[in-house]
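Here's a chain to look at together. Let's ask how each label gets earned, one step at a time.

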Amino acid sequence: MRRLNRKKTLNLMKELDAFPKVPESYVETSASGGTVSLIAFTTIAFLTVMEFMVYRDTWMKYEYEVDKDFTSKLRINIDITVAMRCQYVGADVLDLAETMVASADGLIYEPVVFELSPQQKEWQRMLQLIQSRLQEEHSLQDVIFKSAFKSASTALPPREDNSLQSPDACRIHGHLYVNKVAGNFHITVGKAIPHPRGHAHLAALVSHESYNFSHRIDHLSFGELIPGIINPLDGTEKIASDHNQMFQYFITVVPTKLHTYKISAETHQFSVTERERVINHAAGSHGVSGIFMKYDISSLMVTVTEEHMPFWQFLVRLCGIIGGIFSTTGILHGFGRFVAEVIFCRFRLGSYRSTSVPLPDGHTSNHLPLSTDNNTH
């Protein structure tokens, strides 16, 4: 009884076989079929390797939402060198709520030489080259996101030469915590002092001939400091053509959450537009000489997530490639054989042209002979 049930089960499974086997005696091979098969196998191997490379790669997904965090503080990371002595300049932040952040809380004034060493010049040149490529090819920003914490630090390397020149510039570096509202970070003449109606700078004791707001922005970022991330103003250098010159940077800051397979951090991206002009009150160009960075916080937040192709999707795409190539090459091979047979058949029919056969009564017959046997008389 068990054998009978097993036999019925096997017969049922044979009837459900979607891949019937053809006896080898019924299979006919050809040179054209072998050539097409070789081309198909080569194409499958090539596309499989390419698909595997796509499977190994990752891409960045961007999602946008409203930023609901208004109570936290915003960190500003600063590293700017101004071509003036430290006792002549002062830096501070004044936000939209008229709240001044004291510069002594997080900023360091360091006397340095404004002229870069050869190694530092090479670093700045490479950084400016990267900035120009980023402006042309925005997709490179995804590469920078994925390589964060893995690439070398983007900070200015220390001087490798022992310069005997006395310091003629001031490097202002450090970080500040400000409210998440629009504000103005500026560097101008004189130290900042609090004032009941705002703030002021002690600039009366500094002569106009010593004004020189040529500057270099080695680093400027908002939020968490992430090594390997290149910001839009990193490596910027401006040379003042006049003593009374104003440099303005209008910055729009976008809160960004970065999630990759290496890091998970909260940082900020920003875009910037620049403007510079000479202060000349007689010509109607009013203002204060210095470096002004006016920033505004966007109400939208961007979440950047690194994604990877699922393994099941890779298998589906791979099966589609293999099955599609086999089916397509089979159809093309069959169609090619059909066309070749039609052409060769017409050629053969054309070779059997009608011939005239003399008859005993003097007439001729245009019919083809029924037999081509040489022994037939």
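Q: What makes β10 and strand β11 (residues 236–238) count as paired, and in which sense do they run?
A: Keep in mind that this is a predicted model. β10 and β11 share 3 bridges, and a pair needs at least two, so they count as paired strands. The sense is antiparallel. For an example of a bridge, His-215 has Lys-238 in β11 as its partner.

Q: How do you know that β10 pairs with β13 (residues 264–278)?
A: There are 2 bridges between β10 and β13. The cut-off is at least two, so this one counts as a pair. These strands are antiparallel as well, and Phe-222 sits opposite His-268 in β13.

Q: What joins β2 to β10?
A: The two are joined by 7 bridges and run antiparallel. Ile-80 faces Ile-217 of β10 across the pairing.

Q: Why is strand β10 (residues 215–223) called largely enclosed?
A: Buried means under 20% relative accessible area. In β10, 9 of the 9 residues are buried, so the rest of the structure largely encloses this strand.

Q: What makes Asp-67 and Lys-180 a salt bridge?
A: Their closest N and O atoms are 3.1 Å apart. The limit is within 4 Å, so the pair qualifies. Side chains of opposite charge can pair when their charged atoms come close.

Q: Why can we say that the pair Asp-67 and Lys-180 ties together parts far along the sequence?
A: Asp-67 is in the loop between β1 (58–66) and β2 (73–82), while Lys-180 is in the loop between β6 (169–179) and β7 (183–189), so the pair ties together parts 113 residues apart in sequence. Both Asp-67 and Lys-180 are buried.

Q: How do you know that Glu-110 and Arg-171 form a salt bridge?
A: The closest N and O atoms of Glu-110 and Arg-171 are 3.4 Å apart, which is within 4 Å, so the label fits. The pair links distant parts of the chain, with Glu-110 in strand β5 (residues 107–112) and Arg-171 in strand β6, 61 residues apart.

Q: Are Glu-110 and Arg-171 buried or exposed, or what lies in between?
A: Glu-110 has a relative accessible area of 29%, and Arg-171 has 26%. Partly exposed is the range between under 20% and over 50%, so both residues are partly exposed.

Q: What makes Lys-121 and Glu-115 a salt bridge?
A: Their side chains meet at 2.8 Å, N to O, and that is within 4 Å, so they count. Lys-121 is partly exposed at 41%, and so is Glu-115 at 44%. Elsewhere, Lys-61, Glu-63 and Glu-307 are joined into one network by salt bridges that share partners. The structure holds 10 salt bridges.

Q: Why is Phe-335 called exposed?
A: The relative accessible area of Phe-335 is 54%, and exposed means over 50%, so the word fits. Phe-335 is in helix α5 (residues 311–351). With Phe-338, Val-339, Val-342, Ile-343 and Phe-344, Phe-335 forms a nonpolar surface patch of about 580 Å² accessible area together.

Q: Which residues does UniProt list as "transmembrane region", and how much of that span is helix?
A: The unreviewed UniProt entry lists residues 35–55. In the model, residues 35–55 are 100% helix and 0% strand, and the end C-alpha atoms lie 30 Å apart.

Technical notes: Residues numbered from 1 in each chain as written. Predicted model: local features only at pLDDT ≥ 70, side-chain atom pairs only at ≥ 80, totals over all residues. Heavy atoms only, no water. UniProt positions renumbered as here; feature names shortened; annotations may be inferred. Helix = DSSP H or I, 4+ residues; strand = E, 2+ residues; numbered from the N terminus. Buried < 20%, exposed > 50% of the residue type's maximum accessible area, 1.4 Å probe, protein only. Patch = residues over 30% accessible without salt bridge, like charges linked within 9 Å, V, L, I, M, F, W, Y side chains within 5 Å. Areas by Shrake-Rupley, 256 points an atom, 1.4 Å probe, with all protein chains shown as cover.
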